[in-house]
Amino acid sequence: MDHSRSLVAPTADPPLERALRDKLARRNDDSGSLGELEPLALRIGLMQGSLKPRFHEPQLLVFAADHGLAVDGLHGALRYTTDELVRRLLAERLPLAVFARASGLALTVVDCGVAETLPAHERLQARKIAHGTRNPRVAAAMTVVQAHAAMRAGMEIGDQLRGNLTICAGLGVGSQESAALLLSRITELPLRALLETGPAMAAEELAHQLAIAQAALNRHREVAEPVELLAALGGFEVAVMVGVMLMAASKRQLLMIDGLAACAALAMAARIAPPVTDYCVFSRSREHRGLDLVHRHLRAATLPDLGLDGLDGTGAALGWPLVRSAAALLTEVAEGEDAGPTRPGPLDDDGFPSTMGF
């Protein structure tokens, strides 16, 4: 996947950044500061390389897969099997689907490796690599060939996306724990913090998770190459998300990252193409102490915490209107106001953009 490194360009653009900051400052002359919307607007403008960023056909992609870790009792707080969750989501019987529809997000569930065979559905995309991964405590979760196949599938999905904003979230029994393993190895953050979801987690449950997860890490402690590490510890949903993120970032599209599995995919994608993190905004759908550490490690621009306890993607679906509003700060104009240029003009003698643009 080395070709992905050259596909993702950094968003740094000093003349554009100065012009964006100046435009935001003018917006504040009458209304006052708009707080965290301003740096978010700046980030969006740099992503799209424009003084007037716009979004169209926003997508919510939920990547579903089962995990071999579940046989050891690592199943998190999910009350349903993976296939049951997918069916309920597609039937709009979960809040995530309701919020997506209310926010104008096109919802798609991607079957990356659900153990059961799911019936066809207009919002289900079949990209099953296998019927779940193996248990990384006793073997590699997947083969390197499967890891590459999953990443290629993700790049194909990313290449076919109709819009320019994509929410990425993972779903599946064992998904959180598998992601914790990957993140611990990639970021060197403490495994305990990544497994512990909050103060309500029972001490005996955490101890059991730590014992199993540490055994999996120990088995693959010599693995270092990114794709081999993904194959050893990861889930199919994480591998497919890696490909989606690389392709979307290469097209300068905004990625909204929600949950531990999506963070694990981003951390892996950043090992392949570091600038991919420039195109990300983070949200959260549940309390998880480890997410705070991961967001800080990835230097994340994080939307406000809404105190949710839902499926990953829920926080992003609710946060999408904030992102849209931040872009509108730069793009929408008041009645009688000059719309202004899309790009800053050439630099003047002092190194600042002139008033001309295109």
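1. A word on terms before the helices: contact here means heavy atoms within 4.5 Å. By that criterion, V144, A147, H148 and M151 in helix α6 meet V227, E228, L230 and A231 in helix α10. Sorted by character, the residues of this contact are six nonpolar, one polar and one charged. Please keep in mind that you are looking at a predicted model.

2. Now the geometry of that pair. Helix α6 spans residues 144–160 and helix α10 residues 226–233; their axes lie 8 Å apart and the packing angle is about 105 degrees. Angles of 65 to 115 degrees count as roughly perpendicular, and α6 and α10 are therefore roughly perpendicular to each other.

3. The sheet is worth a look next. Six strands form an open sheet in the order β3-β2-β1-β4-β5-β6, and the pairing is parallel. At its edges are β3 (124–126) and β6 (280–283), each of which pairs on one side only. From one strand to the next, the twist averages 25 degrees.

4. Towards the β6 edge, strand β5 (residues 254–258) runs parallel to β6 and is joined to β6 by four bridges. Opposite D258 you will find S283 in β6. Helix α3 (residues 37–48) packs on the sheet here, touching β5 and β6, and the direction of α3 makes about 140 degrees with that of β6.

5. Finally, the interior. The largest nonpolar core holds 116 residues, and F63, L89, L182, M245, I257 and V323 have the most contacts inside it. Helix α12 (residues 260–272) supplies the largest share of this core, twelve residues. For L89, setting aside neighbours within four places in sequence, the contacts are V62, L94, L96, A97, L107, V109 and L171.

Definitions and conventions:
Residues are numbered from 1 along each chain as its sequence is written. This is a predicted model: local features need pLDDT of at least 70, side-chain atom pairs count only at pLDDT 80 or more; totals for chains, interfaces and linings use all residues. Side-chain values use heavy atoms; hydrogens and water are left out. A nonpolar core is a set of buried Ala, Val, Leu, Ile, Met, Phe, Trp, Tyr and Cys residues joined through side-chain atoms within 4.5 Å. Buried means under 20% relative accessible area, exposed over 50%, partly exposed in between (1.4 Å probe, protein chains only). Helices (H or I, at least four residues) and strands (E, at least two) are DSSP runs, numbered from the N terminus. Axes are lines fitted to C-alpha atoms, for helices over the stretch in contact, and angles run from 0 to 180 degrees between N-to-C directions. Angles under 35 degrees count as roughly parallel, over 145 as roughly antiparallel, 65 to 115 as roughly perpendicular and the rest as oblique. Ala, Val, Leu, Ile, Met, Phe, Trp, Tyr, Cys and Pro count as nonpolar, Asp, Glu, Lys and Arg as charged, and the others, Gly among them, as polar. Two strands pair if DSSP finds at least two bridges between them.
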